[in-house]
Structures are given as C-alpha cells and as structure tokens.
Amino acid sequence: MAAAKKPDTFAVLPRVINGGIAGVIGVTCVFPLDLVKTRLQNQQIGPNGERMYTSMFDCFRKTYAAEGYFGMYRGSAVNILLITPEKGIKLAANDYFRYHLATPEGKLTLLRQCLAGGLAGAFQIIVTTPMELLKIQLQDAGRVSGSKDLRKVTAWSITKQLVKDNGILGLYKGVRATGARDITFSVIYFPLFASLNDSGPRKSGNSGEAVFWWSLVSGLLSGMTASFTVTPLDVIKTRLQAIKKADGEKEFNGIADCIGKTLKYEGPKALFKGGLCRMIVIAPLFGIAQMVYFLGIGERILGIEQKKSV
C-alpha cells in the first residue's frame, strides 16, 4: 500500500493517552500468564534435575492452588500503575520518531523504521526497568518463599529497601539487560507491525487507518514473532532482576555471568524457558494494545481529528 503524505503536525498528547489506556487494558487481560512466565524463567534446575514446576500448566495449577485467584494477580497493581506511562512512551515515541524520520511523502526505509523502534525501546526503559524490577519480586515471592508471609511483600516495602540500600539507582537493577531486550524487541516489532497493519483493510472515511480487528491481528503476529526472538534476553533480564533466590539457586554478577552460568548448569534450552508462555502473554498484550491505541480514544477526549500515522 502506498505511503500517505506526511501530516503537517504531530500531536503527542493523544497518542500518549491512547498508549496508556491500551497498556492498562492489555496488562489486565494477560497478567496471570505473565506471572507464570516469570516463575518459570527464574526457576533453576537442581543438581539432580529437581524443579518446582514441570510446565506452564503445572505452574499455573500450583500457583492457583497455593495462592488463589488473587495470587495470580500478585504484582499487578504496580504493573498497571506504571504500564500507563510505559506503553504511552513506547507507542507514542515510535510514532514520534517515525514522523520525524519520514520523508515529506511519508515514506520510511526499513532501516529508519528499525531506528524509530529502537529509539522508542530505549526511551521506555526509564519506566520499564523499575516497573519490571518491582513486578518480578512480587510475582516470584510465592515461589521463593513457598507462599509464606506473602502479605509482608509489597511494592512499597521493596521500593523503600532498594532506595535505602542503593539510592534511586537501586530501582534500575538490570537496566542494561532491560535495554538489550526492549530495544531489540522494538527494532523487530514496530517495522513488522507497520508492514502488516498497512497491508490490511482500511476504515471507511478519510482517516486511512486499518480496521480495528486488523490492528489486533497485526499486533498478535508481530508480538508473537518479536517476543519469541528476544526470549533469551528476557530470561537473562528476569534472572538478574530477581533479588531473592530460592534455596540452592545461583547468584549472577552481570549479563555475561548470567549467560555463562545458565549455559553451564542448565544448557541452551534454559535460555528459552517460558518462551511459549511469553508468546502467549506478549501476542495478545500488543494485539489488544495496538487495537485500542488506534481506536483514537485520546483524540476523541481532546477533540482532535484522528490522522493516519506514518
């Protein structure tokens, strides 16, 4: 499909609003699966092959049996709170950089599309790193503590301890691994999504936007592809950000040490732990997020005409 002429102006605020709303809705739908993914990735195989969870379904069953329905949403409050600026930044920043990197005719080379996505991924880690750090501690608490004294583990208590021990930088533990994952993901995801979304049916009228269900499908396929590709980076990031370990589990000192010990003691397959679960989480998360993002809720709230993104 031919590129549309580049709009004269770029409205940031409605896109931030759209991204925030999209993130909240998406996370609420898929959070239990994200919790299962985190526990599977942090689980290390014992010397005799012992493990707490044998599969995604086993982890889901044991977590629900031990902690109940609300246990499946452990850590969701901080995630929902911070996903608003996180998704707002990620989705709006990609559109912003695409707009400024496009030619006056609205054309973007693949390299510039990747650059726009990568820059969006780099900007989001300002919010993503502390959000993921807190979320992981809360999600993994049941596995590490054996479901004991979980009420004492809160986002606020973790935040206070991290800041007390290491200052504000304590909230950015694992920032390099987070950046490696998010920038790589965005470089793959956004150009692929744009290509798929532009190839589908359009809404009636002059907006030039894809119909909502095609944005959903495009987000699903792009999210599935990008999430599986960066699974090893997600495993490393998740393990580095896990502050507390279960008895007998190894500590890691940086990305290289984590990769080395994981390969040495668990083999290459360990780098793809939770890969299927991650795909099941990310595909609908981004499918739902992109569908909601392009509904133009922010434009309606602000009374601004919705225009097709570059």
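On a 1 Å grid over the protein atoms alone, a cavity is a set of points where a 1.4 Å probe fits but cannot get out, whereas a pocket is an open set with protein on both sides within 12 Å along at least five of seven lines; a lining residue has an atom within 4 Å of a point. Grid points are joined across faces, edges and corners, and a volume is the space filled by probe spheres set on the points.

The model is predicted, so local features are restricted to pLDDT of at least 70 and side-chain atom pairs to pLDDT 80 or more, while totals for chains, interfaces and linings use all residues. Residues are numbered from 1 along each chain as its sequence is written, and side-chain values use heavy atoms, with hydrogens and water left out.

**Stop 1: the cavities**

Four cavities of 30 Å³ or more are present in the structure. Select Lys87, Glu132, Arg181, Ile282 and Leu285 to find the largest cavity; of its 24 lining residues, these lie nearest the centre. Two or more lining residues come from each of helix 1, helix 3, helix 4 (110–145), helix 6 (175–198) and helix 10 (275–293). Helices (H or I, at least four residues) are DSSP runs, numbered from the N terminus. The volume of the largest cavity is about 310 Å³. Its lining divides into ten nonpolar, three polar and eleven charged residues. In this classification Ala, Val, Leu, Ile, Met, Phe, Trp, Tyr, Cys and Pro are nonpolar, Asp, Glu, Lys and Arg are charged, and the others, Gly among them, are polar.

Next, select Asp95, Phe193, Phe294, Ser309 and Val310, which lie nearest the centre of the second largest cavity among its 16 lining residues. This cavity has a volume of about 170 Å³. Helix 3, helix 6 and helix 10 each contribute at least two residues to its lining, and helix 6 provides the largest share, with five. By class, seven of the lining residues are nonpolar, four polar and five charged.

**Stop 2: an open pocket**

Turn to Gln44, Ala246, Asp247, Gly248 and Glu249, the residues nearest the centre of the second largest pocket, which has 17 lining residues. The space in this pocket is about 360 Å³. Its lining comprises six nonpolar, four polar and seven charged residues.

**Stop 3: salt bridges**

A salt bridge is counted where a side-chain nitrogen of Lys or Arg is within 4 Å of a carboxyl oxygen of Asp or Glu. The rule yields 18 salt bridges.

Select Arg181 again, now together with Asp182: the two form a salt bridge whose closest N and O atoms are 2.8 Å apart. Both residues are buried, where buried means under 20% relative accessible area, exposed over 50%, and partly exposed in between (1.4 Å probe, protein chains only).

Move to Glu67 and Arg74, a salt bridge with its closest N and O atoms 3.3 Å apart. Glu67 has 15% relative accessibility and is therefore classed as buried.

In helix 9 (residues 255–266), Lys261 and Asp257 are separated by about one helical turn because they are four residues apart. They form a salt bridge with the closest N and O atoms 3.4 Å apart. Lys261 is partly exposed at a relative accessible area of 27%, and Asp257 is partly exposed at 23%. For a wider selection, take Asp34, Lys37, Glu132, Lys135, Arg181, Asp182, Asp234, Lys237 and Arg278, which salt bridges with shared partners join into one network.

**Stop 4: a nonpolar surface patch**

Select Val12, Leu13, Val16, Tyr96, Ile301, Leu302 and Ile304, which make a nonpolar surface patch of about 570 Å². Patch residues have over 30% relative accessible area and no salt bridge, and nonpolar side chains (Val, Leu, Ile, Met, Phe, Trp, Tyr) are joined within 5 Å, like charges within 9 Å. Areas come from the Shrake-Rupley method with a 1.4 Å probe, and for residues only the protein chains shown count as cover. Helix 1 (12–42) and helix 11 (297–302) each supply at least two of the patch residues, and helix 1 gives the most, with three. Tyr96 belongs to helix 3 (residues 76–101) and is partly exposed, at 34% relative accessible area.

**Stop 5: two threonines of helix 6**

Thr178 lies in helix 6 and is buried, with 0% relative accessibility. Thr184 is also placed in helix 6, but is partly exposed at 31%. Measure from Thr184 to Gly174, C-alpha to C-alpha: they are 16 Å apart in space and ten residues apart in sequence.
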